[in-house]
Amino acid sequence: MQPSEFIRIMDIAERMKCNTRHSWTSSGRHESVAEHSWRLCLMAYFVRDEFPDADMDKVLKMCLVHDIGEAFTGDIPSFSKTKSDEEAESDAVGRFISSLPEPYRAELTELFSEMESLSTREARIYKALDKMEAIIQHNEADVSTWLPLEYDLNLTYGVPESHAEPYLERLRSALAEVTKSKAPEYYGKKQP
């Protein structure tokens with residue numbers, strides 16, 4: 001890859017460091033898209049032994065690039081994202097990928113197609129971890145940063161995605177317990 005092309009790609013990736021997400025950190029600031037992606041990669045790395053038959057290098061690649069569209073569109077929380085927003089992000093990803101030299105263009109085209117269709121175990125693992133990273137971040141943030149809808153969302157977000165794998169189901173269940181302990185006054189009232 002020519003140095004000028006490499007620098008262009010890094011300039012685009014740097015936007016992920018500048019664009020913030022809805023989520024707050026434990027220190028009281030919004031996290032960046034890049035921080036979310038970095039920790040998602042770390043999660044995939046640390047659970048790789050739980051999936052000895054999966055291609056965890058592919059999962060790591062998915063985690064690394066999954067939000068590259070937000071370098072162009074910024075972050076829109078899942079509970080606010082419309083079909084139009086999803087299409088705009090998908091179009092931005094397509095334009096970015098088509099601007100890449102080979103073999104990256106072909107590899108990322110295939111990877112994003114697999115991620116979008118959730119057609120493989122690796123894509124389903126990545127997707128479940130992506131949802132759970134958001135829950136972990138919400139649990140780490142001060143409860144005063146939570147929107148009213150997030151109290152229930154923190155217990156349901158990522159549940160369907162984690163059912164396919166026993167380990168992910170156990171992890172999601174453990175995160176629900178952390179969520180409940182974060183706001184016992186809210187969850188205590190809702191328990192039968």
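**Notes on the predicted model: a strand residue, two pockets and the overall fold**

1. Let's start with Ser32. Leaving aside residues up to four places away in sequence, Ser32 is in contact with Met16, Lys17, Asn19, Thr20 and Arg21. Bear in mind that this is a predicted model.

2. Is Ser32 buried or exposed? Its relative accessible area is 6%, and the cut-off for buried is under 20%, so Ser32 counts as buried. In terms of secondary structure, Ser32 belongs to strand E2, which covers residues 30-32.

3. One of those contacts is also a strand pairing: Thr20 has Ser32 as its bridge partner in E2. The strands in question are E1 (residues 20-24) and E2, which run antiparallel and are joined by two bridges. Together E1 and E2 make a hairpin with five residues between them. If you check backbone torsions, look at Gly28 in the turn, where phi is positive at about 90°.

4. Now the pockets. The largest pocket comes out at about 990 Å³, and 35 residues line it. Which residues lie nearest its centre? They are Asp67, Lys81, Glu89, Tyr126 and Lys127. By type, the lining of the largest pocket splits into 13 nonpolar, nine polar and 13 charged residues.

5. Where does that lining come from? At least two residues each are supplied by E1, helix H5 (83-98), helix H6 (104-117), helix H7 (121-140) and helix H8 (148-156). H7 gives the most to the lining of the largest pocket, namely seven residues. E1 thus turns up both in the hairpin with E2 and in this lining.

6. The second largest pocket has a volume of about 550 Å³. It is lined by 21 residues, with Ile9, Met10, Leu64, Val65 and Leu108 the closest to its centre. Helix H1 (3-18), helix H2 (33-46), helix H3 (56-65), H5 and H6 each give two or more residues to this lining. The residue types here are 18 nonpolar, one polar and two charged. H5 and H6 contribute to the second largest pocket and also to the largest pocket.

7. Finally, the whole chain. It has eleven helices and two strands, in the order α-β-β-α-α-α-α-α-α-α-α-α-α along the sequence. The radius of gyration is 17 Å, close to the 16 Å that the globule rule gives for 192 residues, so the chain is as compact as a globular protein of that length. Along the principal axes, the C-alpha atoms fill a box of roughly 60 × 35 × 30 Å.

8. Two more totals for the protein chain: 41% of the 192 residues are buried. Of the contacts with a separation of 6 or more, 65% are between residues 24 or more positions apart.

Methods. Residues are numbered from 1 along each chain as its sequence is written. This is a predicted model: local features need pLDDT of at least 70, side-chain atom pairs count only at pLDDT 80 or more; totals for chains, interfaces and linings use all residues. Side-chain values use heavy atoms; hydrogens and water are left out. Helices (H or I, at least four residues) and strands (E, at least two) are DSSP runs, numbered from the N terminus. Buried means under 20% relative accessible area, exposed over 50%, partly exposed in between (1.4 Å probe, protein chains only). Contact means heavy atoms within 4.5 Å. Two strands pair if DSSP finds at least two bridges between them. On a 1 Å grid over the protein atoms alone, a cavity is a set of points where a 1.4 Å probe fits but cannot get out, and a pocket is an open set with protein on both sides within 12 Å along at least five of seven lines; lining residues have an atom within 4 Å of a point. Grid points are joined across faces, edges and corners, and a volume is the space filled by probe spheres set on the points. Ala, Val, Leu, Ile, Met, Phe, Trp, Tyr, Cys and Pro count as nonpolar, Asp, Glu, Lys and Arg as charged, and the others, Gly among them, as polar. The radius of gyration is taken over C-alpha atoms; the globule rule is 2.2 Å times the number of residues to the power 0.38.
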